[in-house]
Structure formats: C-alpha cells, structure tokens
Amino acid sequence: MSELQDRIKDVIENEPVAIFMKGTPQFVMCGNSDRALRALREAGAPVTAVDILPDPAIRAELQELSGWPTIPQVFVKGQLVGGADITEELGESGELATLLAERLGEGYRDGAEEHVVDVLSGARV
Amino acid sequence: MATERLETLLRDAFPDPGTVDVEDRTGGGDHFQVTVTSPRFDGLSLLDQHRLVNEALAEPLRDGTIHELRIKTRGTA
C-alpha cells in the first residue's frame, strides 16, 4: 500500500469527522464541497478537511478506498456518510446532528475545531 | 446530448413505476441535477439510494461527461 493511501486511510479511520473536498475550509473551490462543509458546520461538527486538488492521485486513492465516485466525501468515525446532497439533506432533517451524537457522543459540539490534513506530506494544521 | 444519455441510463436502471428527471443545471452539458423516484429505493438508506444512482451513471462519471452531479432520490413506499 502506498504512503498516500495510508495517510488517507488514517484520516478516514482516526478523525472524528473527515471531509475530502476541493479546496480547504478557508478557501473552498467548489459549490458542492461548500454545501457539505456548511451542513457540517451548522451541525456543530468537528471537521478535518483534506484538499484533493493538489494531486489527482489523492482522488484516485480515495475513490478506491470508499467506492464513491464524486467529491466531496464525508466520513464520520470511519464510515462514509455520503456526498454533498446526502450531507445537506441529513443536515436539514436534523439527522446529521443525531448521527454525530450517536457516533461521537452527545458532547461532540464542545470545543469542535477545524483541521486540515495535507495527505501528501502528512502535515496536520 | 449528455442529458439524454443520462436519462436513458437512469430509465434502464429505474424502470416504471419510477420517474427520472435530468436537468442540465448550467446549460453546459456537464453539471447535472438528477431526480429519481423508484420502488428500488424503498427501505434503503440515503447512502445506498445514491449508490444505486452512482452505479447507473458509472460510465459518464468515469469518462468525465459528468463534471458535477446532484442527486435527489425518493422511494415510492
């Protein structure tokens, strides 16, 4: 397995909420990534973002791991929640908050922070 | 036309009594909103419903015909 795939896997499995997106939370490069991120923020989720744009290999490896063809992809505790439409729909119905509370614990909002992981270098900021 | 190709693929995957609607969101032939109603979705999670749509559109997703896809699914139950 490649180092890149290892890092992607590590983010999916170990970050409470991971979003693979185009751009970063500070500089979103795509409407769909923005919709998913917004839904996560509105639900008060801690967010760890990975920008897939710097290298096409990131998207290819991610797709292989998740079996999901489009970006963004949202994971909670290692499990794929879905793309922008699902995340947004679950956000609007309130199910996203329920799911977060179930998987992360009721207090998931407390001290929720945003991080960005560079899967090419492994840096986490 | 890409819109018709997507419609054909979706109709094949979700035949009557399902309904399929494909909208070219920007007029550019690569940003699509698809709305599908089908008994195949009954009892499935949203994730699995969207997975079925992604599977039906695997080819245009892979070959770059679809640059951006929005999916709305509904069961019939």
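1. Which residue of β3(B) is the bridge partner of B:Thr37? In this predicted model, the partner is B:Arg74, and the pairing belongs to a longer contact in which strand β2 of chain B (residues 31-37) and β3(B) run in the parallel sense, joined by 7 bridges.

2. Strand β3 of chain B, which covers residues 68-74, has side chains that alternate between two faces. B:Leu69, B:Ile71 and B:Thr73 point to one face and are buried, while B:Glu68, B:Arg70, B:Lys72 and B:Arg74, the last of them being the partner of B:Thr37, point to the other face and are not buried.

3. Turning to chain A, 5 strands form an open sheet in the order β6-β5-β1-β4-β7, and the pairing within this sheet is mixed. The edges are taken by β6 (79-82) and β7 of chain A, each of which has a single partner strand, so that one side of each is left without a neighbour in the sheet. Neighbouring strands of this sheet are turned against each other by 25 degrees on average, with direction ignored.

4. Within that sheet, how many of the residues of strand β4 of chain A are buried? The count is 5 of the 5 residues, 47-51, and the strand is therefore largely enclosed by the rest of the structure. A:Val47, A:Ala49 and A:Asp51 point one way from β4(A), whereas A:Thr48 and A:Val50 point the other way, and buried residues are thus found in both directions.

5. The partners of β4(A) can be described in turn. Strand β1 of chain A (residues 17-21) runs parallel to β4(A) and is joined to it by 4 bridges, with A:Phe20 standing opposite A:Val50. Strand β7 of chain A (residues 114-116) also pairs with β4(A) in the parallel sense, over 3 bridges, and here A:Thr48 stands opposite A:His115.

6. Helix α2 of chain A, made of residues 31-42, lies across β1, β4 and β5 (73-76) of chain A, and runs at about 165 degrees to β1(A).

7. The largest nonpolar core has 34 residues, and those that touch the most other members are A:Ala18, A:Ile19, A:Phe20, A:Met21, A:Ala36, A:Leu40 and A:Val50. Several elements of chain A each supply at least two residues of this core, among them α1 (3-14), α3 (56-66) and α5 (95-104), and β1(A) gives the most, with 5 residues. When neighbours within four places in sequence are left aside, A:Phe20 is in contact with A:Val50, A:Ile52, A:Leu62, A:Ile71, A:Pro72 and A:Gln73. A second, separate core of 15 residues includes B:Phe14, B:Phe32, B:Val34 and B:Ile66. In soluble globular proteins, nonpolar side chains tend to be buried together.

8. Is A:Leu90, a residue of helix α4 of chain A, buried or exposed? A:Leu90 is buried, because 22 other C-beta atoms lie within 10 Å, where 20 or more are required. Apart from neighbours within four places in sequence, A:Leu90 is in contact with A:Glu95, A:Leu96 and A:Leu99, and also with B:Leu46 of chain B. The C-alpha atoms of A:Leu90 and A:Ala43 are separated by 9.8 Å, although these residues are 47 residues apart along the chain.

Methods:
Residues numbered from 1 in each chain as written. Chains lettered and ligands numbered in written order. Predicted model: local features only at pLDDT ≥ 70, side-chain atom pairs only at ≥ 80, totals over all residues. Buried ≥ 20, exposed ≤ 12 C-beta atoms within 10 Å, placed from the backbone. Pairing = 2+ DSSP bridges. Axes fitted to C-alpha atoms, helices over the stretch in contact; angles between N-to-C directions. Contact = placed C-beta atoms within 7 Å. Core = buried A, V, L, I, M, F, W, Y, C linked by C-beta atoms within 7 Å.
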